[in-house]
Amino acid sequence: MRTPAVVAGLFALVVPITAGLAQDRDAGRFPLSSLELATLRQGWGTPMVDRSVTGQPLSIGGRRFASGIGSHAPGEWWIELGGRAERFVAWVGVDDDAGGRGSITVALWADGRRLFASDVLRGGMAPQQIDVDLRGVQRLLLELGTAGDGRDHDHADWADAALLMASGQPTPVPPPLEAPYLLTPPSPPEPRLNNPAVWGARPGRPFVYRIPCTGRRPLVFAVQGMPPGLTLEPVTGILRGRVPELPGRYPMRLAAENAQGRAETDFTLIVGDRLALTPPMGWNSWYIHYDRVTEAYIRRAADRLLQSGMADHGFCYVNIDDCWARRRGDEPYRDASGAILPNAKFPDMRGMVEHVHGLGLRAGIYTSPGPWTCAGYAGSWQHEEIDARTFAAWGFDFLKYDWCSYGQVATGDGQQRLTAPYAKMGAILASLDRDIVFNLCQYGMGSVWEWGASVGGHCWRTTGDLGLEAGGSLPGFYAIGLANAAHAAHAAPGAWNDPDYLLLGYVGDAHSMGEGRPTSLSPSEQYAYMSLWCLMAAPLIFSGDLERLDDFTLNVLCNREVIAIDQDPLGRQARIVRSEDDSLVLAKPLADGSLAVGLFNLAPVPRRLAVTFDELGSPPLRRVRDPWRQVDQDADGDSIAALVPRHGVHLVRCWPQE
Ligand code: GLA
């Protein structure tokens with residue numbers, strides 16, 4: 001990162017006549033571009049001095065600017081003024097390098113108060129001028145919003161932007177720090193069953209399912225109404241065998257007992273043509289292992305799902321992402337029969353999957369309909385049938401099918417060009433003697449939510465990669481989440497919108513495919529992330545480091561009441577009740593007649609948020625429960641209201657009856 005202050009100081013000494021920056025400072029005018037940029041957080045790329053985020057001359061709505069900062073929404077920059085500033089002046093807008101696309105909002109916050117909010121500024125529009133009084137302000141926040149439609153092309157310029165100081169100088173500072181706070185109560189020693197109410201399977205297919213249950217071991221499990229073809233291991237709670245041939249509902253009563261107590265719950269196996277009746281839960285290797293992934297890591301991941309207690313909360317898929325096949329150039333990619341070859345890091349695929357199944361968990365694999373995967377490994381193009389059969393023979397239960405290089409070989413026009421590869425693989429998977437959950441990954445092209453289910457998909461990514469770009473005022477998960485929330489009408493049991501993984505705990509940076517490091521999200525942001533994914537009935541696939549799960553991360557990932565909102569058998573995604581630039585209200589109807597409601601504070605400061613029962617379209621809600629803390633709350637009045645932390649959530653589950 002350059003240090004303009006030092007550079008400017010040197011110039012002032014050596015070439016005082018041309019040092020415009022130093023002259024500005026003498027006059028108390030501090031161009032933003034002269035400040036240290038290290039604390040500026042932005043949603044994509046790095047901040048640029050006197051250039052757009054892609055390095056072009058600054059230009060908004062055809063108007064050129066010589067100085068300023070090229071940034072990208074969402075963005076956030078805190079500046080300490082110490083009460084000595086007079087004004088802030090700037091021109092703001094979407095840089096013309098976005099080709100007329102993109103939309104942003106710009107806001108100024110002073111000591112927790114919003115001083116200025118721009119219009120929605122779209123690509124191609126004229127710049128908006130800012131000139132605000134800052135007298136008395138201690139700490140200023142410059143904020144860039146995505147205008148609620150995702151962050152794509154949101155190239156944002158702070159042009160001719162300067163702080164005018166009466167005395168002293170502005171000092172950029174990091175965003176406020178929040179200490180971790182644990183909300184989820186520890187699981188008690190007595191058993192608690194955490195299975196979803198329903199599970200879908202195809203007739204006659206192999207079956208493995210470990211009943212998720214917390215409580216002190218040893219536990220003894222029992223199942224009443226076990227369908228023919230299945231057996232139970234009473235000590236592990238693993239169901240194995242084959243699904244009945246006869247389609248229909250197979251209601252079971254599950255029980256778990258230990259010295260401390262007993263729990264019982266219903267579990268219905270629904271035999272038919274639908275899988276993933278609740279959103280898949282598990283772990284994926286991508287954001288922690290990238291191309292370093294090995295068979296040993298996958299075996300170990302399965303062990304860790306058990307040891308960490310995550311499997312006791314329902315996390316059961318252990319999914320390899322990209323980089324298990326042979327890398328481009330490392331021929332042969334296939335054996336003489338055409339079967340795809342794993343690379344040297346996966347010496348025994350079948351043995352690895354057996355290990356996962358042995359623990360009662362399920363295994364997932366990844367490929368592309370194109371000749372190469374996104375990371376440049378062999379894909380399934382022209383080998384779809386044999387690859388699907390190979391995956392089934394190895395025992396896999398989940399396939400992520402990632403578009404990647406398919407564009408180079410795609411045929412057909414329009415929608416058909418997009419649907420064809422997925423329809424082909426969907427039909428093959430449905431014909432196999434194995435239930436394989438089909439995860440479409442093509443970043444939302446052609447409104448995949450409208451047709452994903454019709455090609456046999458069980459979940460489909462609705463956006464580009466979430467990555468770690470928690471850069472701005474609004475962390476990346478909000479931008480992705482807001483985009484995903486819009487497709488609520490298309491979610492149903494067996495057909496889920498997928499906003500990408502849970503990137504919590506230790507995760508690696510996607511751009512550098514780096515080693516894991518602690519997430520940059522604040523504790524409140526992490527509670528909001530998990531709440532948002534659960535309200536959206538998203539697949540809950542953790543993609544962080546299973547070896548470094550601290551108490552805080554586990555408390556976010558493993559709250560049975562929060563997960564129950566995601567896994568609810570009604571299978572509805574929360575609808576957007578209200579979406580504003582600084583707040584979001586979602587409401588998800590649940591099978592028992594209750595409503596899960598999330599009040600999200602998108603603002604960079606704590607705020608009180610409220611939603612009335614009228615606005616929720618609901619009868620008066622008499623019983624209100626906080627699923628994070630797992631306690632009932634006072635229910636009175638005609639609304640749900642709370643003081644919500646910066647970027648945080650207030651999540652409740654409410655029932656019309658007491
Ligand atoms: C794409 C996908 C990611 C990941 C990588 C692997 O970017 O969207 O989720 O699978 O490919 O290369």
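How far apart are the centres of domain 3 and domain 4, taken over C-alpha atoms? The separation is 30 Å. The structure is a predicted model. This report begins with the domains, turns to the contact of domain 3 and domain 4, and then visits some individual residues.

## The domains

The domain assignment of the chain gives four entries. Domain 1 covers 4-173 and domain 2 covers 192-271. Domain 3 spans 281-571, and domain 4 spans 576-656.

## Where domain 3 meets domain 4

Domain 3 puts 30 residues into its contact with domain 4. Domain 4 answers with 26 residues. Between them, about 2,300 Å² is buried. Carbon and sulfur atoms give 68% of that area. On the side of domain 3, three residues stand out: L535, E561 and I565. They supply 27% of the area that domain 3 buries against domain 4, more than any other three residues.

What charged pairing crosses this interface? The rule finds one salt bridge between domain 3 and domain 4. R625 forms a salt bridge with E561. Their closest N and O atoms are 2.7 Å apart. E561 is also one of the three residues named above for buried area. Polar contacts are found here too: ten residue pairs across the interface of domain 3 and domain 4.

Four helices each give two or more residues to the side of domain 3 that touches domain 4. They are α9 (476-485), α10 (523-535), α11 (551-557) and α12 (560-566). Which of them gives the most? The answer is α10, with nine residues. By type, the residues on this side of domain 3 divide into 20 nonpolar, five polar and five charged.

## G648

G648 sits in the loop between β41 (639-644) and β42 (649-655). Is G648 buried or exposed? G648 is buried, with a relative accessible area of 0%. Beyond its neighbours within four places in sequence, G648 contacts Y478, S524, A528, L599, F600 and N601. V53 is 595 residues away from G648 along the chain. The C-alpha atoms of G648 and V53 are separated by 28 Å.

## Backbone features

Several places in the chain have a notable backbone geometry. The table collects two cis peptide bonds and three residues with a positive phi.

| Residue | Feature | Value |
|---|---|---|
| P218 | cis peptide bond from R217 | omega near 0° |
| P332 | cis peptide bond from E331 | omega near 0° |
| C323 | positive phi, not a glycine | about 90° |
| Q630 | positive phi, not a glycine | about 60° |
| G360 | positive phi, just after α5 | about 85° |

Where do these residues lie? P218 has its place in the loop between β19 (213-214) and β20 (220-224). P332 is in the loop between β26 (317-319) and α5 (349-358). C323 is found in the loop between β26 and α5 as well. Q630 belongs to the loop between β39 (623-626) and β40 (631-633).

Accessibility is given for two of these residues. C323 counts as buried, at 1% relative accessibility. Q630 is buried too, with a relative accessible area of 14%.

## The loop before α5, and α5 itself

The loop between β26 and α5 also holds N343. How buried is N343? Its relative accessible area is 9%, and N343 counts as buried because that value is under 20%. Which backbone atom does the side chain of N343 reach? The partner is the backbone oxygen of C323, at 3.0 Å. Leaving out residues up to four places away in sequence, N343 touches C323, W324, A325, R326 and Y377. C323 thus appears in this loop with a positive phi of about 90° and as a contact of N343.

The helix α5 follows. Which residues of α5 are buried? They are M349, G351, M352, V353, V356 and H357. An α-helix has 3.6 residues a turn, so residues three or four places apart point the same way. The cover over the buried residues of α5 includes strands β18 (206-210), β22 (238-242), β26 and β27 (362-367). Helices α4 (295-307) and α6 (384-394) are also among the covering elements. Just after α5 comes G360, with its positive phi of about 85°.

Definitions and conventions:
Residues numbered from 1 in each chain as written. Predicted model: local features only at pLDDT ≥ 70, side-chain atom pairs only at ≥ 80, totals over all residues. Heavy atoms only, no water. Domains from an automatic or database assignment. Contact = heavy atoms within 4.5 Å. Buried area = accessible area lost by both parts, 1.4 Å probe. Salt bridge = Lys/Arg side-chain N within 4 Å of Asp/Glu carboxyl O. Polar contact = N/O pair within 3.5 Å; in protein donor to acceptor, adjacent residues only side chain to side chain. Nonpolar A, V, L, I, M, F, W, Y, C, P; charged D, E, K, R; others polar. Buried < 20%, exposed > 50% of the residue type's maximum accessible area, 1.4 Å probe, protein only.
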